[in-house]
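Work through the exercises below with the sequence and the model at hand. Each task is followed by a solution in steps.

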Amino acid sequence: MRRSCDPRKCGDESKSACSSQVAVNARRNLDIDRILGKIRHKILVMSGKGGVGKSTVAVNLAVGLTRLGFRVGLMDVDLHGPDVCRMLNLSEPLADSSTDGKMPPWRTDDNLLVMSLENMLEDRDSPIIWRGPLKNQAIHRFIADVAWGELDYLVIDAPPGTGDEPMTVAQMIKDAKALVVTTPQQVALADVRKSINFCKHVKLEILGVVENMSGYVCPHCGKVAELFKSGGGEELALSANLPFFGRIPLDPRVMLAGDDGRPYLTGNDDSPALAAFNSMVAAVAEALPTTMRTAAGQVCPADLAAPPPLPLENPAADCGCQGKNAPNPG
Ligand SMILES: [Zn+2]
């Protein structure tokens with residue numbers, strides 16, 4: 001948020017302190033603009049409510065884009081429940097500072113840089129109470145004080161809802177685009193409508209909608225069973241005239257992989273959830289093309305192999321296997 005102070009009109013007695021704060025803010029804003037200028041696309045992953053697997057989508061989107069050869073940053077601004085570090089098994093403390101005085105982010109491989117509130121926490125199990133200004137400061141620091149370097153994509157994991165954090169990001173990163181995550185349940189869909197209205201209000205362009213937890217991958221036969229009616233996210237996207245990036249079924253292995261600190265897309269399991277994640281990543285890369293030269297060489301999304309078809313065209317109401325012929329679910 002850019003507060004401006006006109007020293008001629010400022011009635012503050014400590015005018016010099018006020019002016020120097022203006023200078024500090026101006027320098028930081030310049031810094032932010034310079035850093036953001038080196039990042040081609042910024043994607044704000046948001047959801048109207050918690051519990052829709054937003055962080056799982058954000059982490060797997062970031063990992064999936066690096067697997068296409070892009071250089072990606074992942075910024076966790078979910079200040080109330082940061083779990084990106086756990087999902088990526090990042091427990092090493094960050095190095096103190098790099099040569100230009102910027103904090104180096106975690107580097108999970110050559111192409112993925114990660115920054116999370118975790119590294120500002122003394123004790124990761126202590127509850128965090130953040131007031132608005134503190135949140136804004138933390139988000140400014142995440143951008144201005146971090147050595148992001150040149151990136152093809154910055155994926156931002158925003159907290160659920162339409163509060164301070166998505167608002168700050170929308171104001172600070174003018175060209176960010178929102179990826180809205182929902183589940184098929186009505187209560188989640190109602191909240192997504194709020195998110196869509198929020199985006200309109202703050203002029204945040206919506207990239208598209210993803211329906212997460214859409215059906216359930218049976219651990220015995222690997223087929224997708226529908227526990228609830230799915231497809232609500234797609235209907236909502238259609239009615240709001242927004243691109244739809246697919247339905248991702250709930251796979252227990254996705255959650256286990258997250259708990260073990262291995263994002264799902266780094267595994268080689270054959271699963272409808274994996275296929276759906278890959279489709280989503282390809283759709284995002286197609287919607288936000290970049291031909292920037294990356295560490296892995298020049299990559300053009302148009303040359304990428306066609307994504308596998310979405311697995312839910314004819315989902316079985318019940319897989320019906322009742323655990324028979326069950327391979328070991330582990
Ligand atoms: Zn089954």
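## Exercise 1: the nonpolar core

The largest nonpolar core has 76 residues, and L44, V45, L61, A62, L74, V155 and I156 touch the most other members. A nonpolar core is a set of buried Ala, Val, Leu, Ile, Met, Phe, Trp, Tyr and Cys residues joined through C-beta atoms within 7 Å. Helix α9 (residues 272–287) supplies the largest share of this core, 9 residues.

The model is predicted: local features need pLDDT of at least 70, side-chain atom pairs count only at pLDDT 80 or more, and totals for chains, interfaces and linings use all residues. Residues are numbered from 1 along each chain as its sequence is written.

Task: find which residues A62 touches, not counting residues up to four places away in sequence.

Solution. Step 1: apply the contact criterion, which is that the C-beta atoms of two residues, placed from the backbone, lie within 7 Å. Step 2: list the partners of A62, which are V72, L74, L112 and V155.

## Exercise 2: strand β2 and its partners

Task: state which strands pair with β2 in the parallel sense, β4 and β5 being the ones to examine, and decide whether the faces of β2 are covered or open.

Solution. Step 1: fix the elements. Helices (H or I, at least four residues) and strands (E, at least two) are DSSP runs, numbered from the N terminus. The protein chain has 9 helices and 11 strands.

Step 2: look at pairing, which requires that DSSP finds at least two bridges between two strands. Strand β2 (residues 72–76) is joined to β4 (residues 112–116) by 5 bridges, and the two run parallel. Another 5 bridges pair β2 with β5 (residues 151–157), also in the parallel sense. At V72, the bridge partner in β4 is L112, and Y153 stands opposite in β5.

Step 3: check burial. A residue is buried if 20 or more other C-beta atoms lie within 10 Å of its own, exposed if 12 or fewer, and partly exposed in between, with C-beta atoms placed from the backbone. In β2, 5 of the 5 residues are buried. V72, L74 and D76 lie on one side and G73 and M75 on the other, so both faces are covered.

## Exercise 3: two covered helices

Task: check the length of α2 against the expected span, then give the burial of α2 and α5.

Solution. Step 1: the expected span of a helix is 1.5 Å times one less than its number of residues. For the 14 residues of α2 this gives 20 Å, and the end C-alpha atoms are 20 Å apart, which agrees.

Step 2: because 13 of its 14 residues are buried, α2 is largely enclosed by the rest of the structure. After α2 comes G69, with a positive phi near 100°.

Step 3: in α5 (residues 164–172), 7 of the 9 residues are buried. They are E165, P166, M167, T168, V169, A170 and M172.

## Exercise 4: loops and positive phi

Task: place G50, C218, M213 and N241, and class each as buried, partly exposed or exposed.

Solution. Step 1: G50 is in the loop between β1 (39–47) and α2 (54–67). G50 is partly exposed because 16 other C-beta atoms lie within 10 Å. Its C-alpha atom is separated by 7.6 Å from that of G161, 111 residues apart along the chain.

Step 2: C218 is in the loop between β7 (205–217) and β8 (224–225). With 23 other C-beta atoms within 10 Å, C218 is buried. The C-alpha atoms of C218 and L250 are 9.1 Å apart, and 32 residues separate the two along the chain.

Step 3: most residues other than glycine have a negative phi. M213 has a positive phi, near 55°, and lies in strand β7. M213 counts as buried because it has 25 C-beta neighbours inside 10 Å. N241 also has a positive phi, near 60°, and sits in the loop between α7 (232–239) and β9 (244–250). N241 has 7 other C-beta atoms within 10 Å and is therefore exposed.

## Exercise 5: confidence

Task: state which elements have the lowest and the highest mean pLDDT.

Solution. Step 1: pLDDT is the predictor's confidence in each residue, from 0 to 100. The chain mean is 77, and 71% of the residues reach 70 or more.

Step 2: strand β10 (residues 293–294) has the lowest mean, 46, and β5 the highest, 95. Over residues 299–317 the pLDDT is below 50, and this stretch has 38 contacts beyond near neighbours in sequence. Residues 325–330 are also below 50, with 3 such contacts.

Step 3: where pLDDT is low, the predicted coordinates should not be read in detail.
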